[in-house]
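Visitor: Could you take me through a close look at how helices pack in this one? I'd like the residues that do the touching.

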Amino acid sequence: MPPPAPRTVQQKVLRKAQITLLDWYSQHARDLPWRRTKDPYAILVSEVMLQQTQVDRVIPKYDEFLRLFPTFQALAAAPTADVIRAWSPLGYNRRAVRLQAIAAQIAECHGGELPEDMKTLLSLPGVGEYTASALACFIHGQNVPVIDTNVRRVLSRVFRGTASVAPMEVRTIAQWALPLGRGPQWSQALMDIGATLCTSQRPVCPQCPLELYCQAAATFRKHPAVAERRAAYGKRQQPFAGSSRFYRGRIVDCLRRLPAGDSIAVTDLGTTVRDDYEETHSEWLIALVRGLETDGLARVQETSATNASTAVLRISLP
Ligand code: SF4
């Protein structure tokens, strides 16, 4: 049974909006390397890289990564330390370990073929609703909604104006608005609109193909600052510098710089990643290192130092 149509939008208007957007996409689609391939492995790599990283930073790394690890099997068989090194400078390094775990499961349990059904896709390590939908849609051509931040913002504005929209409602709208048989192009078009015209702070409504059908356009034309205020409100985040994620990234960068197979003592690591490091920070540092070990990003070994009564922790890439 199809989801209920949003009250304020007529089916006829939706149909026109679909035709307009798909037509716009056929002429203005961004030329992205992962849109030029049908290789499931390459598309999976792009999807994992694009989580939390901007397109222009992903493009050069995507090509290099595929050269180093061209198939599921090659990635699965590679030393994890090499995969983590190759991931630099994308950040969120856990994604590299997760991608390798996905490749290993596909190589070992699925004969090197990416599964097609959502349930099996969701059983891959660390694959959630978004990634499973993106793989089903962009690789297997299934007509399922793919809802990332950009798609969520565009759909909310077009069909609900400037009001906040709950995630479940966006999902209902996304399912309802999906044009039959054109899911992949529709989702990519929404992503392109969200990335280039309907940005969180400065929507460029006069240039947008959806302006005629969009419930937010009139407000943004009259009060452009509304988008800026809402975006600023939504961005009340902790500062990155000084956060745990910041120091985890620094530790992994330090480990990447070690010669292959080398390790570093935890005390030396402390002074490398933090200028003001002192003895009192050791507990904090060990907790970070243990967290990286749990996430598969580091190996921790206890060794007995010469002339020392206590064990020394030494850290390396896995
Ligand atoms: S008309 Fe404006 S608010 Fe609506 S989708 Fe386009 S850019 Fe976004």
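Guide: Here is a walk through two helix pairs, with a word on confidence first. This is a predicted model, where local features need pLDDT of at least 70, side-chain atom pairs count only at pLDDT 80 or more, and totals for chains, interfaces and linings use all residues. Residues are numbered from 1 along each chain as its sequence is written, and side-chain values use heavy atoms, with hydrogens and water left out. The protein chain averages a pLDDT (the predictor's confidence in each residue, from 0 to 100) of 91, and 92% of the residues score at least 70.

Now the helices (DSSP runs of H or I, at least four residues, numbered from the N terminus). Take α9 (residues 149-160) and α10 (residues 167-177): their axes, lines fitted to C-alpha atoms over the stretch in contact, come within 10 Å and cross at roughly 80°. That makes α9 roughly perpendicular to α10, a label for angles of 65 to 115 degrees, on a scale from 0 to 180 degrees between N-to-C directions. On the α9 side, the contact (heavy atoms within 4.5 Å) uses Arg152, Leu155, Ser156, Phe159 and Arg160, while α10 brings Glu169, Val170, Ile173, Ala174, Trp176 and Ala177.

The other pair is α15 (residues 266-273) and α16 (residues 282-294), packed at an angle of about 100° with axes 10 Å apart. So α15 and α16 are roughly perpendicular to each other too. Here Val266, Leu269, Gly270 and Val273 of α15 meet Leu285, Ile286 and Val289 of α16.

Terms used:
Helices (H or I, at least four residues) and strands (E, at least two) are DSSP runs, numbered from the N terminus. Angles under 35 degrees count as roughly parallel, over 145 as roughly antiparallel, 65 to 115 as roughly perpendicular and the rest as oblique.
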